[in-house]
Amino acid sequence: GQWKEALRVFEAMKEDNITPNVFTYGSLISACAKGGQWKEALKVWEDMKEAGIPANVITYNALVSACEKGDQWEEALKVWQQMKAVGVRGNAATYRMLARVSERGSQWHTAREIKAPDAR
C-alpha cells in the first residue's frame, strides 16, 4: 500500500542525511493511519520522540486517527493523555476522534470525561 511507499521514501531520506521534521513524521503517521497500520504508526511515533522532535496537534491527531482506525481505544486515550501532559491543545478533530474511539471501546465514562476546552 501507499504507507509502505511512504515508509520507503522516509528511510531513503534518512539514508541521504535529510533530517525528518514534524511534518515528515506527521505525514508518515497519517499514511500509516490511512493504511490501517496503527502499530507501524506507533513505531514512527517512537522514532520521532527518540529524535527529539516535538509533536504538534496535527501529528497527535494523525496518531489518534491510526489508533482509532485500528480499534485501539486504549492506545488512543494514552496518546490523548500524553498530549495533555505536554500542553498540546486538541482541536475539534481530536475530540471527535476520541469520542468515537471511546464509544467503540464501550468506554462511556471516558467519553463523558473527554470535553473540548470550550465545553468546560
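In this predicted model, the side chain of Thr94 makes a polar contact with the side chain of Asn61, at a distance of 2.5 Å. Thr94 belongs to helix α6. With a relative accessibility of 0%, Thr94 counts as buried, because the limit for that class is under 20%. Leaving aside neighbours within four places in sequence, Thr94 is in contact with Val57, Asn61 and Met83.

**Overall content**

The protein chain has 120 residues, and buried residues make up 42% of them. Its secondary structure comes to seven helices and zero strands. Read from the N terminus, the order of elements is α-α-α-α-α-α-α. Among contacts with a sequence separation of 6 or more, 58% are between residues 24 or more positions apart.

**The α5 and α6 pair**

Thr94 also takes part in the packing of α6 against α5. The axes of α5 and α6 are 9 Å apart and meet at an angle of about 145°. The crossing of these two helices is left-handed. On the α5 side, the contact is made by Trp73, Ala76, Leu77, Trp80 and Met83. On the α6 side, Thr94, Tyr95, Leu98, Val101 and Ser102 make the contact.

**Val57 and its surroundings**

Val57, one of the residues in contact with Thr94, is found in helix α4. Its relative accessible area is 21%, so Val57 is classed as partly exposed, given that buried means under 20%. Not counting residues up to four places away in sequence, Val57 touches Met83, Val88, Arg89, Gly90, Asn91 and Thr94. Met83 is thus listed for Val57 and also for Thr94. The pair Val57 and Gly90 is separated by 33 residues in sequence and by 6.1 Å in space, C-alpha to C-alpha.

**The nonpolar core**

In soluble globular proteins, nonpolar side chains tend to be buried together. Here the largest nonpolar core has 34 residues, and those with the most contacts inside it are Ile29, Trp45, Met48, Tyr60 and Leu63. The elements giving two or more residues to this core are α1 (2-15), α2 (22-34), α3 (38-50), α4 (57-69), α5 (73-85) and α6 (92-104). Helix α2 supplies the largest share, seven residues.

Tyr60 touches Trp45, Ala55, Val79, Gln82, Met83, Val86 and Val88, with residues up to four places away in sequence not counted. Trp45, listed there for Tyr60, is another of the residues with the most contacts inside the core.

Thr59 is found in helix α4. Its relative accessible area is 1%, and Thr59 is therefore buried under the 20% limit. Beyond its neighbours within four places in sequence, Thr59 is in contact with Val22, Gly26, Ile29, Trp45 and Met48. Ile29, Trp45 and Met48 are among the residues with the most contacts inside the core.

Tyr25 lies in helix α2 and is buried, with a relative accessible area of 2%. Its contacts, not counting residues up to four places away in sequence, are Phe10, Pro20, Val44, Asp47, Met48, Ala51 and Ile53. For Tyr25 and Asp47, the C-alpha to C-alpha distance is 8.9 Å, with their positions 22 residues apart in sequence.

**Cysteines**

The structure holds zero disulfides. Cys32 is buried, with a relative accessible area of 0%. Cys67 is buried as well, with a relative accessible area of 0%.

**Accessibility of selected residues**

| Residue | Relative accessible area | Class |
|---|---|---|
| Cys32 | 0% | buried |
| Cys67 | 0% | buried |
| Thr94 | 0% | buried |
| Thr59 | 1% | buried |
| Tyr25 | 2% | buried |
| Val57 | 21% | partly exposed |
| Asn17 | 70% | exposed |

**Positive phi values in loops**

Asn17 is found in the loop between α1 and α2. Asn17 has a positive phi of about 60°, although it is not a glycine. Its relative accessible area of 70% makes Asn17 exposed, since that class begins over 50%. Asp71 is found in the loop between α4 and α5. Asp71, not a glycine either, has a positive phi of about 55°.

Technical notes:
Residues are numbered from 1 along each chain as its sequence is written. This is a predicted model: local features need pLDDT of at least 70, side-chain atom pairs count only at pLDDT 80 or more; totals for chains, interfaces and linings use all residues. Side-chain values use heavy atoms; hydrogens and water are left out. A disulfide is a pair of cysteine sulfur atoms within 2.5 Å. Buried means under 20% relative accessible area, exposed over 50%, partly exposed in between (1.4 Å probe, protein chains only). A nonpolar core is a set of buried Ala, Val, Leu, Ile, Met, Phe, Trp, Tyr and Cys residues joined through side-chain atoms within 4.5 Å. Helices (H or I, at least four residues) and strands (E, at least two) are DSSP runs, numbered from the N terminus. Contact means heavy atoms within 4.5 Å. A polar contact is a pair of N or O atoms within 3.5 Å; within protein, one must be able to donate a hydrogen and the other to accept it, and residues adjacent in sequence count only if both atoms are side-chain atoms. Axes are lines fitted to C-alpha atoms, for helices over the stretch in contact, and angles run from 0 to 180 degrees between N-to-C directions. A crossing is left-handed if the near helix is turned anticlockwise from the far one by less than a right angle, and right-handed if clockwise.
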